[in-house]
Amino acid sequence: MKIAESELILNTDGSIYHLNLLPEDISDTIIVVGDPNRVASVSNYFDKIEIKKSKREFITHTGILEGKRITVISTGIGIDNIDIVLNELDALVNIDFKEREIKKDLTSLDIIRIGTSGSIQPEIDVDEILVSEFAVGFDGLLHFYNSKQVQYPDIENALVKHTQWFSHKPRPYVVKFNEDLGAKLISNNVHIGFTATNVGFYGPQSRQLRLEVEDKFLNEKLASFNFRGKKITNLEMETAAIYGLANLLGHKAVSMNCILANRPNGTFSKDPKKGVQKLIEYTLRKIIS
Ligand SMILES: O=P(O)(O)O[C@H]1O[C@H](CO)[C@@H](O)[C@H]1O
Ligand SMILES: O=c1cc[nH]c(=O)[nH]1
């Protein structure tokens, strides 16, 4: 069945609506970063850059590193942008734009996030690297899709009980990284964690400047949650949505985090750029190895 013009939106040059990309512009190895300036920090390592395109906060560079074609794309901040980026990346490989039909043979992308995050465990220090094995989303995005099959209800129920989750907030959904891609990216030099993704940087991550938060103890309750030895480790704003949508669409996703803030210790990285650079180098080395 043909997908209507209002649903699959193409620009006049045939590119996908927000990302402004044609199917041939992307590799099947995709690095996603939040900060648009981080795209060049990654592609600076490429031996050759083939494509540079952009629209709004979505900047894309595709190039070659030691014979491997890699695309790096910025998502901007937040899960609402992840809904756009993941659906449009999938459309680029799995929908025939001319026929407006889903292809018979589907392509699975490797999607690796290089992001920044705040730790809620005192021993996971600033400037360290954390790979998210699990993620919990407090944003509600996944509930708009038929998604029960990629969620972990046992963990969700235990978390709702432990935190006495307020019922007027979206129900937490728990999702997991792709184990094969995860195995490629993990080493003894990184923490393996359980990332909480929320809809904001301040109140939703229990930061109080002038506004009072509703639940003063939320971060403490998240940090003390323990499901069969798995503890929630860090807070950011994209990972759960990436894992949820990637799993539903048949892509492999892993989120790599540079810890910039340690919330219980009240510390912030003295040199965030250096920490992020270290994470970029680590991730690229693992991708090409
Ligand atoms: O550095 P990025 O990848 O943007 O990730 C983190 O930083 C932003 C907040 O400062 C949020 O997007 C959060 O998830
Ligand atoms: O504390 C932090 C640091 C980076 N990004 C976040 O979302 N939170």
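This report describes a predicted model, moving from the annotated domain to strands, a helix and the surroundings of two ligands.

## The annotated domain

UniProt, in an unreviewed entry, places the feature "domain: Nucleoside phosphorylase" at residues 30-265. Over residues 30-265 the chain is 25% helix and 33% strand, and the C-alpha atoms at the two ends of this stretch are 34 Å apart.

## Strand S8 and its partners

Strand S8 covers residues 129-137, and because eight of its nine residues are buried, the strand is largely enclosed by the rest of the structure. With strand S10 (residues 191-197), S8 pairs in the parallel sense over seven bridges, and here Ala135 stands opposite Thr195 of S10. The pairing of S8 with S14 is antiparallel and runs over four bridges, with Cys258 in S14 as the bridge partner of Ile129. S8 also pairs in the antiparallel sense with strand S9 (residues 173-176), again over four bridges, and in S9 the bridge partner of Gly137 is Tyr173.

Ser132 is found in strand S8, and it counts as buried because it has 32 C-beta neighbours inside 10 Å, where 20 or more are required. Setting aside residues up to four places away in sequence, Ser132 touches Phe177, Gly193, Thr195, Thr239, Ser255 and Asn257. As a distance across the model, the C-alpha atoms of Ser132 and Gly78, which are 54 residues apart along the chain, are separated by 17 Å. In the loop between S7 and S8 lies Asp127, whose phi is near 75°, a positive value in a residue other than glycine. Asp127 is partly exposed, with 17 other C-beta atoms within 10 Å.

## Strands S2, S3 and S4

Strand S3 (residues 58-65) has six of its eight residues buried, so this strand too is largely enclosed by the rest of the structure. On one hand S3 pairs in the antiparallel sense with strand S2 (residues 48-55) over seven bridges, and the bridge partner of Lys48 in S3 is Ile64. On the other, S3 pairs in the antiparallel sense with strand S4 (residues 68-74) over six bridges, and in S4 the bridge partner of Thr60 is Ile73.

The hairpin of S2 and S3 has two residues between the strands, and in it Arg56 takes a positive phi near 50°. The hairpin of S3 and S4 also has two residues between its strands, and there Glu66 takes a positive phi near 45°. Glu66, in the loop between S3 and S4, is partly exposed, with 13 other C-beta atoms within 10 Å.

## Helix H6 and the nonpolar core

Helix H6 spans residues 239-249, and 10 of these 11 residues are buried, so the helix is largely enclosed by the rest of the structure. Among the buried residues of H6 are Thr239, Ile242, Tyr243, Leu245 and Leu249. Just after H6, Gly250 takes a positive phi of about 85°.

Which residues of the largest nonpolar core touch the most other members? Of the 70 residues in that core, they are Ile31, Val136 and Ile242. Leaving aside its neighbours within four places in sequence, Ile242 is in contact with Ile82, Leu86, Ile111, Arg113, Ala253 and Ser255.

## Surroundings of the two ligands

Ligand 1 is surrounded by Val33, Gly34, Asp35, Ile77, Gly115, Thr116, Phe201, Glu236, Met237 and Glu238. By class, the residues of this shell divide into four nonpolar, three polar and three charged.

The shell around ligand 2 consists of Thr116, Ser117, Gly118, Phe201, Gln205, Leu235, Glu236, Met237, Leu260 and Ala261, and by class it has five nonpolar, four polar and one charged residues. Strand S7 (110-119), strand S13 (234-236) and strand S14 (252-262) each supply at least two residues of the shell around ligand 2, and the largest share, three residues, comes from S7. Thr116, Phe201, Glu236 and Met237 are named around ligand 1 and are named around ligand 2 as well.

Technical notes
Residues are numbered from 1 along each chain as its sequence is written. Chains are lettered from A and ligands numbered from 1 in the order in which they are written. This is a predicted model: local features need pLDDT of at least 70, side-chain atom pairs count only at pLDDT 80 or more; totals for chains, interfaces and linings use all residues. A residue is near a molecule or strand if its C-beta atom, placed from the backbone, lies within 6 Å of it. Ala, Val, Leu, Ile, Met, Phe, Trp, Tyr, Cys and Pro count as nonpolar, Asp, Glu, Lys and Arg as charged, and the others, Gly among them, as polar. A residue is buried if 20 or more other C-beta atoms lie within 10 Å of its own, exposed if 12 or fewer, and partly exposed in between; C-beta atoms are placed from the backbone. Two strands pair if DSSP finds at least two bridges between them. A nonpolar core is a set of buried Ala, Val, Leu, Ile, Met, Phe, Trp, Tyr and Cys residues joined through C-beta atoms within 7 Å. Two residues are in contact if their C-beta atoms, placed from the backbone, lie within 7 Å. UniProt positions are given in the numbering used here, feature names are shortened, and annotations may be inferred rather than shown by experiment.
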